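Thanks for coming, everyone. I'll keep this short. Please look at the screen while I talk.

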Amino acid sequence: MPMFKTPFNGYSVKFSPFYEHKLAVATSQNFGILGNGRIHVLDVNPAGGPMAEISSFETADGVYDVTWSEENENLLVAAIADGSVKLYDLALPPAGNPIRSLSEHTREVHSVDWNPVRRDSFITSSWDDTIKLWTVDRPTSVRTFKEHAYCVYQSVWNPRHADIFCSASGDCTVRVWDVREPVSTMILPAHEFEVLSCDWNKYDDCLIVTASVDKSIKVWDVRNFRVPITVLNGHSYAVRKVKFSPHRQSLIASCSYDMTVCLWDYQVEDALVGRYDHHTEFAVGVDMSVLVEGLLASTGWDEMVYVWPHGTDPRAP
């Protein structure tokens, strides 16, 4: 299966919504604590050979997350450890990038997510406890959301509603926001420990999945959020990232500090349907292709990027 060795520690992987074989990877030197960063844009060889680098961008600080524009196939946004958000245009030469650097967050930016419905906007989450809303044509943020009492690790747009997103925080809560409202519309006391990741279901816009330092994954229905629909246990350390499948309503991918990537079907009794132990360090980034059903990508602190179809060995030649 395709794999790629990066010079720095992997932090995030994202499949392009436009091209089957294009993948963006965010990396940071020295495990993201201190040093440079690099964004890699890779061509995932459809024949199963090694991945080829299409382009890369150097940053003075670590890169924690990256996302693709939903309206421009060449536009990337990166979350940087110096508190900045940088926009890159793959159609321009490296010297022409980044095309914009947005510096409003006062601490590390940990996640970025592009709005799939209103495709000119995106949100960023930061260790300064805030979330910011941006549009492509404005040099300053549209709005800052400040209710979390600790680092915001991830914010994700609802796949069907242009104004709604959820956020996961170290204050142990997940909040649901409507940008038309002055304050958050819902607070889920999701876990007893820090919540590191969240995602919306692509087929039921009332379902949210959360992941925590407490090693568990929980699925919630916002119409009745006092008790989770299900709790998925199987990771032995903190769960770093969760993602609902774009192809199957009940399928969830997760990656963890236990170095594994797992697939879950929360609607069946034996929910754990796949476990991959190909990483030799913390697995911190996972994604599922929108364009190719069953295709997974992961990255970790072992400086490796893997792409593989579910049910196969990511390390197989």
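A word on names before we start: strands here are DSSP runs of at least two residues, numbered from the N terminus. One more thing: this is a predicted model.

With that naming in hand, let's place a residue. I33 sits in the loop between β3 (22-28) and β4 (37-43). Is I33 buried or exposed? I33 is exposed, because its relative accessible area is 72%, and the cut-off for exposed is over 50%. I33 also has company. Together with F31 and L34, I33 forms a nonpolar patch on the surface. The accessible area of the three adds up to about 360 Å².

Next, the annotations. An unreviewed UniProt entry carries the annotation "repeat: WD". That annotation covers residues 102-144, 145-187, 188-230 and 232-265. Take residues 102-144. That span is 0% helix and 47% strand. Its end C-alpha atoms lie 14 Å apart. Now take residues 232-265. Here we have 0% helix and 53% strand. The end C-alpha atoms are 9 Å apart.

There is a domain annotation too. According to the unreviewed UniProt entry, "EIPR1-like beta-propeller" covers residues 152-264. Over residues 152-264, the chain is 50% strand and 0% helix. The end C-alpha atoms of that stretch are 25 Å apart.

On to charges. Side chains of opposite charge can pair when their charged atoms come close. How many salt bridges are there in this model? The count is 16. I'll show you three.

Start with R175 and E147. Their side chains meet in a salt bridge, at 2.5 Å from N to O. R175 lies in strand β16 (residues 174-178), and E147 lies in the loop between β13 (143-145) and β14 (152-157), so the pair ties together parts that are 28 residues apart in sequence. R175 counts as buried, because its relative accessibility is 11%. E147 has 25% relative accessibility, so E147 counts as partly exposed.

Second pair: D163 and R180. This salt bridge spans 3.4 Å, N to O. D163 is in the loop between β14 and β15 (164-169), while R180 is in the loop between β16 and β17 (186-188), so parts that are 17 residues apart in sequence are tied together. Are the two partners buried or exposed? D163 has 10% relative accessibility, so D163 counts as buried. R180 counts as exposed, because its value is 58%.

Third pair: D287 and K243. Their side chains meet at 3.3 Å, N to O, again in a salt bridge. This pair links distant parts of the chain. D287 is in strand β26 (residues 283-288), K243 is in strand β22 (residues 239-244), and 44 residues separate them. D287 counts as buried, because its relative accessibility is 5%. K243 is at 22%, so K243 is partly exposed.

Some of these bridges also share partners. In that way R118, D163, D178 and R180 are joined into one network.

Now for empty space. Rolling a probe the size of a water molecule over the atoms shows where empty space is left. The largest pocket has a volume of about 640 Å³. Which residues are closest to its centre? They are E70, D113, K202, K243 and V290, out of 32 residues that line this pocket. You have met K243 already, as the salt-bridge partner of D287. Several strands give two or more residues to the pocket lining. They are β2 (9-15), β6 (63-68), β10 (109-114), β14, β18 (195-200), β22 and β26.

There is also a closed space. The structure holds one cavity of 30 Å³ or more. The volume of the largest cavity is about 70 Å³. Its lining residues include Y11, Y64, H110, Y153, L196 and R240. Which elements give two or more residues to that lining? They are β6, β10, β14 and β22.

Keep R240 in view for the last stop. The C-alpha atoms of R240 and A283 are separated by 7.7 Å. Along the chain, those residues are 43 apart. A283 is found in strand β26. A283 counts as buried, because its relative accessibility is 0%.

That's my tour. Thanks for listening.

How values were computed
Residues are numbered from 1 along each chain as its sequence is written. This is a predicted model: local features need pLDDT of at least 70, side-chain atom pairs count only at pLDDT 80 or more; totals for chains, interfaces and linings use all residues. Side-chain values use heavy atoms; hydrogens and water are left out. UniProt positions are given in the numbering used here, feature names are shortened, and annotations may be inferred rather than shown by experiment. Helices (H or I, at least four residues) and strands (E, at least two) are DSSP runs, numbered from the N terminus. A salt bridge is a side-chain nitrogen of Lys or Arg within 4 Å of a carboxyl oxygen of Asp or Glu. Buried means under 20% relative accessible area, exposed over 50%, partly exposed in between (1.4 Å probe, protein chains only). Patches are made of residues with over 30% relative accessible area and no salt bridge: like charges are joined within 9 Å, nonpolar side chains (Val, Leu, Ile, Met, Phe, Trp, Tyr) within 5 Å. Accessible areas come from the Shrake-Rupley method with a 1.4 Å probe; for residues, only the protein chains shown count as cover. On a 1 Å grid over the protein atoms alone, a cavity is a set of points where a 1.4 Å probe fits but cannot get out, and a pocket is an open set with protein on both sides within 12 Å along at least five of seven lines; lining residues have an atom within 4 Å of a point. Grid points are joined across faces, edges and corners, and a volume is the space filled by probe spheres set on the points.
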